[in-house]
Every structure is written in C-alpha cells, then in structure tokens.
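Please read this short briefing with the structure beside you, taking one topic at a time. It is meant for a first-year student and goes through the strands, then a metal site, then a pair of cysteines.

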Amino acid sequence: MAAILKTQSGLYAQFTVCLIGLLLLPLPSHSSDPDPLQDFCIGDTKSELSVNGFPCKPAANVTSDDFFYDGLSKEGNTSNPFGSIVTQANVWAFPGLNTLGISMNRVDIAPGGLNPPHSHPRAAETGVVINGKLLVGFITTGNVFYSKILNPGQMFLIPKGLVHFQKNVGEEKALLFTAFNSHFPGSVVLPMNLFASKPSVPDDVLTKTFQVEKTVIDEIKSKFAA
Ligand code: GLV
Ligand code: MN
C-alpha cells in the first residue's frame with residue numbers, strides 16, 4: 001500500500017512539473033523593443049500624447065526625407081574632459097526609427113580619450129571600429145571583466161544592460177559606429193548618474209557607497225558640476 005502511495009505521489013509531482021512547463025511555454029518573451037504593427041510609423045516627437053513610443057505622423061505627410069538621416073556624417077567635438085563624444089541617432093534624432101527597434105550612434109574618441117563606463121537599459125549593443133585602436137570592455141553582473149584591443153573593421157558586442165566603455169589606446173583619432181536593438185536604448189553614464197544627478201544623490205549615500213571621506217565626494221562632484 002505504502003509503495004502504491006509513493007508511486008502515485010511521484011507521478012503527481014512529475015505531472016505538476018510538466019503542467020507548469022506547458023503553462024509557461026506560450027508566454028511571449030521580448031529581448032528588445034516589441035515588433036512594429038505596420039510598415040513604418042514616423043514618430044511625431046512633438047505630440048502631447050504619451051504612449052510607449054511615439055504616435056505616427058499621418059501617412060499623407062510622409063516623404064523620402066523621413067527615411068534618411070545625415071546626423072552621423074559629421075565628426076563630433078571631443079574637446080571635453082573625457083576626450084570623447086557620442087552622437088546619437090535614436091528615435092528623438094531620427095523619428096523614422098520609431099517602433100522599428102533599432103538605432104545607431106557615432107562615437108569619436110581623441111587619442112587617450114575614453115567613452116566612460118555606461119550601460120543601456122533597453123538594448124544590447126554591437127559596434128564596428130572604423131579608425132584607430134580601441135580597448136573595448138564590459139563587466140558582467142557577476143563582476144567578470146571582458147575586454148580586447150580592436151583595430152579598424154573589427155566588431156564587438158555588449159550584452160543588454162551591462163556596463164561598458166571604449167578607450168582610444170592608439171596615436172590617432174578613433175571612430176566607431178554602434179548599433180542597438182531599441183529605437184531608444186537609453187544611456188546610464190555612471191559618473192554623471194551618481195555624481196551629477198538633479199537633485200544630487202546625498203553625500204552620505206556616496207561616502208558610504210565608496211567608503212571614502214566627504215572631501216573625495218566633493219572633489220568628484222565638482223568635476224561634473226554643470
Ligand atoms: C558606445 O558604447 C555607444 O553607446 O555608442
Ligand atoms: Mn554603449
């Protein structure tokens with residue numbers, strides 16, 4: 001009798017596991033922006049309507065110009081403390097990208113310059129080096145650091161949401177183009193996020209976080225004061 005009861009409870013457990021598996025199977029999973037529901041939807045970025053994305057410009061007003069963008073053709077000005085500049089071609093700059101789940105950046109980095117550690121909460125990133133020699137690295141959620149020095153034509157990938165950077169380790173100006181699986185990947189630039197937010201993060205949170213005196217926090221904040 002005991003053996004029969006044991007077999008029955010084993011079967012019951014297996015059945016429950018299978019049932020949970022079957023119930024989970026049809027759940028949709030999105031690793032990037034949702035798929036578009038029409039050929040295009042040129043974003044009306046001035047609309048007062050707030051939706052997840054932008055409302056579409058009326059089709060009758062769409063022209064060829066809505067599908068082309070030359071904002072990445074010009075070299076950015078790297079005269080800043082990081083010696084780098086990111087020019088974004090996301091949905092705000094190029095509304096034709098609205099709902100398509102893609103966007104790009106141009107990154108110019110002076111010799112010795114750094115595109116500082118940052119992350120994109122809504123996208124994975126891939127990039128290709130056009131000019132220069134770059135150290136590209138990212139850190140996993142388990143604090144493992146992966147990096148490589150790249151030359152023109154070489155590519156890299158940054159998994160979604162992970163902190164990463166590019167440093168120009170060559171003698172020449174570096175240029176790279178990056179691409180994202182989101183029309184608006186967002187960018188959390190760590191030093192700005194922590195030390196230049198408005199209102200600012202309380203000093204005692206930062207001293208405790210970094211285990212340093214307030215003078216150190218004051219000095220760092222002063223570097224990023226707007
Ligand atoms: C580079 O990391 C970029 O976000 O364009
Ligand atoms: Mn990036």
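In this predicted model, five strands make up an open sheet whose order is E1-E2-E9-E4-E7, and their pairing is antiparallel. A second open sheet, again of five strands with antiparallel pairing, has the order E6-E5-E8-E3-E10. As general background, the strands of a sheet pair through backbone hydrogen bonds, and they may do so either parallel or antiparallel.

**The sheet that begins with E1**

- At the edges of this sheet lie strand E1 (84–89) and strand E7 (155–158), each of which pairs on one side only.
- From one strand to the next, the twist averages 20 degrees.
- Strand E1 runs antiparallel to strand E2 (residues 103–109), and six bridges join the two.
- Within this pairing, isoleucine 85 can be found opposite aspartate 108 in E2.

**The sheet that begins with E6**

- Here the edge strands are strand E6 (145–150) and strand E10 (188–189), and each of them pairs on one side only.
- Strand E5 (residues 134–139) is paired with E6 over six bridges, in the antiparallel sense.
- Phenylalanine 138 has tyrosine 146 in E6 standing opposite.

**The manganese site**

- The manganese ion (ligand 2) has as its protein donors His118 (NE2), His120 (NE2), Glu125 (OE) and His164 (NE2), which lie 2.1 to 2.2 Å from the ion.
- Along the chain, the donors of this ion follow the spacing H-x1-H-x4-E-x38-H.
- Among the donor residues, histidine 120 and glutamate 125 are both buried.
- The site has six donor atoms, with angles of 74 to 170 degrees among them, and is octahedral.
- For comparison, the ideal angles for six octahedral donors at a metal are 90 or 180 degrees.

**The disulfide**

- The structure holds one disulfide, which is formed by cysteine 41 and cysteine 56, with their sulfur atoms 2.1 Å apart.
- Both cysteine 41 and cysteine 56 lie in the loop between helix H1 (2–24) and E1, so the pair ties together parts that are 15 residues apart in sequence.
- Because the torsion about the S-S bond of cysteine 41 and cysteine 56 is about -105 degrees, the disulfide is left-handed.
- Cysteine 41 has a relative accessible area of 3% and is therefore buried, whereas cysteine 56, at 36% relative accessibility, counts as partly exposed.

Conventions:
Residues numbered from 1 in each chain as written. Chains lettered and ligands numbered in written order. Predicted model: local features only at pLDDT ≥ 70, side-chain atom pairs only at ≥ 80, totals over all residues. Heavy atoms only, no water. Pairing = 2+ DSSP bridges. Helix = DSSP H or I, 4+ residues; strand = E, 2+ residues; numbered from the N terminus. Axes fitted to C-alpha atoms, helices over the stretch in contact; angles between N-to-C directions. Donors = N, O, S within 2.8 Å, 3.2 Å for Na, K, Ca; no water. Tetrahedral: all angles 85-135°; square planar, octahedral: opposite > 155°, others 65-115°. Buried < 20%, exposed > 50% of the residue type's maximum accessible area, 1.4 Å probe, protein only. Disulfide = S-S within 2.5 Å.
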